[in-house]
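Me: I would be grateful for a close look at the ligand site of this model. Please describe the surroundings of the ligand in detail, and then add what is notable elsewhere in the chain.

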Amino acid sequence: MNDNPCTQIRHDFPIFEVSVDDQPLCYLDSAATTQKPNQVIQAVKDFYQSQNANVHRGLHTLSEQATTAYEAVRRKLAQFLNVQSREIVWTSGATASLNLIAYGLSDSLKKDDVILLSPLEHHANIVPWQLAAKRTGARIELLPVDAQGILQLEQAKALIENLKPKVMSICHASNALGNINDVAALIASSKSSGTVTVIDGAQSLLHLRPDLQQLDCDFYVFSAHKALGPTGLGGLYGRYELLNALPVYQSGGEMIDTVSFSGTTFRPAPEKFEPGTPNIAGVIGFGAALDYLAAQDHDALFQHEQSLYQSLLQQLSGIDGIRIWGDTANNVGTVSFNYKNEHHYDLATLLNTHGIAVRSGHHCTQPLMAHLGIEGTIRASLAFYNNQQDISRFIAALKDTISLLEE
Ligand SMILES: Cc1ncc(COP(=O)(O)O)c(C=O)c1O
């Protein structure tokens, strides 16, 4: 895919018409949140303007229409992921989904059971498991990652066979480094041990569009805002028998079957995990994001991202003193780097004066930063709406920043 279809796509994203500090926006922070196409913005606006009603509760027309539209998105996402719609639970994001799963699986964990994570995980895929371990006496073990931040697959498979973990929860792609982990191979290795496998798909839904039946994981979590959708929405897939067996996490209206002061009964999954009024507008907006993605040629978009990534890598590597982290051969298009001993915060602040939006810091992966022996990095993360001009502007701004720092 050359830059022409990308130019077309960029017109769908009104943020690129906005000036930030009097400069055109160069947005390289899609791992934090993606920009939204007009279609998503319009769908949210239309909902509030002409369809707004609560779901599942009313017999009146608007409520029925809202319920139909809301449930249609569940089916759409299920189709997108190649699973059943009753296996999709809406939450407020990947963080909420991981908390729900870690809390729910605590019931089946006991002292000395192994919860297997990796040093690459976002805090959202560490802390809920630490709490689960504390509640149950289970212990956390880590998959091997080398000094560059790359998961060591063969050693990891051997470790899985040796430890026979009760739960393995790992990211499909690292938010800090962009590495794509071979989660299918890890899941396959854990099958003979009956391990419950949880995949943090926050960074993979948009770039990799996984087929979850093929992946064969038990749970998969995501955030809608990292895949063109609105903030405050995410969800999880759970293999139905496992999902339905999880205990209630949060309770209230909508998720119940009957309530009396002598006891309450709950509805089956997914409803039993969706108490209260959901993020209806968010779901409708995400439905528009899924339609948008379905209408694109995924392979072409992926190739476009990858060629921008290669160009970015090549130009960065040509700058003396740049240290790039992570697996550059298998990557969703996120470059994490340092420049000599300069503080990442100073670089990002100076880049911002050029209109460049990148992230600096530990990226909610403090254990990974400790493993790499650094405090943080500068992270430039791409999406298919980026173009070659973004890369050129970023490199020029970086060179300018470096010469300022070297003065
Ligand atoms: C890999 C990964 N997991 C989990 C999360 C948490 O997502 P959210 O903040 O949308 O709940 C993020 C967010 O950056 C992430 O990148």
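**The ligand site and beyond**

Reply: In this predicted model, a backbone N or O atom of Ala 94 lies 3.4 Å from an oxygen atom of the ligand. A second contact to a ligand oxygen atom involves a polar side-chain atom of His 122, at 3.4 Å. Asp 200 addresses a nitrogen atom of the ligand instead, with a polar side-chain atom at a distance of 2.6 Å. On its own the ligand has 390 Å² of accessible area, and the protein covers 84% of that area.

The residues that surround the ligand come from several parts of the sequence. Gly 93, Ala 94 and Thr 95 are among them, as are His 122 and Ala 124. Asn 175 also belongs to the surroundings, together with Asp 200, Ala 202 and Gln 203. Ser 223, His 225 and Lys 226 complete the list. By class, this shell comprises seven polar, three nonpolar and two charged residues.

Elsewhere, a helix pair deserves attention. Helix H2, residues 38–51, and helix H11, residues 280–294, have axes that come within 8 Å and cross at roughly 145°. The crossing is right-handed. From H2, the residues in contact are Gln 39, Val 40, Ala 43, Val 44, Phe 47 and Tyr 48. Their counterparts in H11 are Ile 280, Ala 281, Ile 284, Gly 285, Ala 288, Ala 289 and Tyr 292. Eleven of the residues in this contact are nonpolar and two are polar, while none is charged.

Two loops carry backbone features of note. The loop between strand E12 (263–266) and H11 contains Pro 270, and the peptide bond leading to Pro 270 from Ala 269 is cis, with omega near 5°. Lys 164, in the loop between helix H6 (153–163) and strand E7 (167–171), has a positive phi near 45° although Lys 164 is not a glycine.

Methods:
Residues numbered from 1 in each chain as written. Predicted model: local features only at pLDDT ≥ 70, side-chain atom pairs only at ≥ 80, totals over all residues. Heavy atoms only, no water. Near = heavy atom within 4 Å. Polar contact = N/O pair within 3.5 Å; in protein donor to acceptor, adjacent residues only side chain to side chain. Areas by Shrake-Rupley, 256 points an atom, 1.4 Å probe, with all protein chains shown as cover. Nonpolar A, V, L, I, M, F, W, Y, C, P; charged D, E, K, R; others polar. Axes fitted to C-alpha atoms, helices over the stretch in contact; angles between N-to-C directions. Helix = DSSP H or I, 4+ residues; strand = E, 2+ residues; numbered from the N terminus. Left-handed = near helix turned anticlockwise from the far one by under 90°. Contact = heavy atoms within 4.5 Å.
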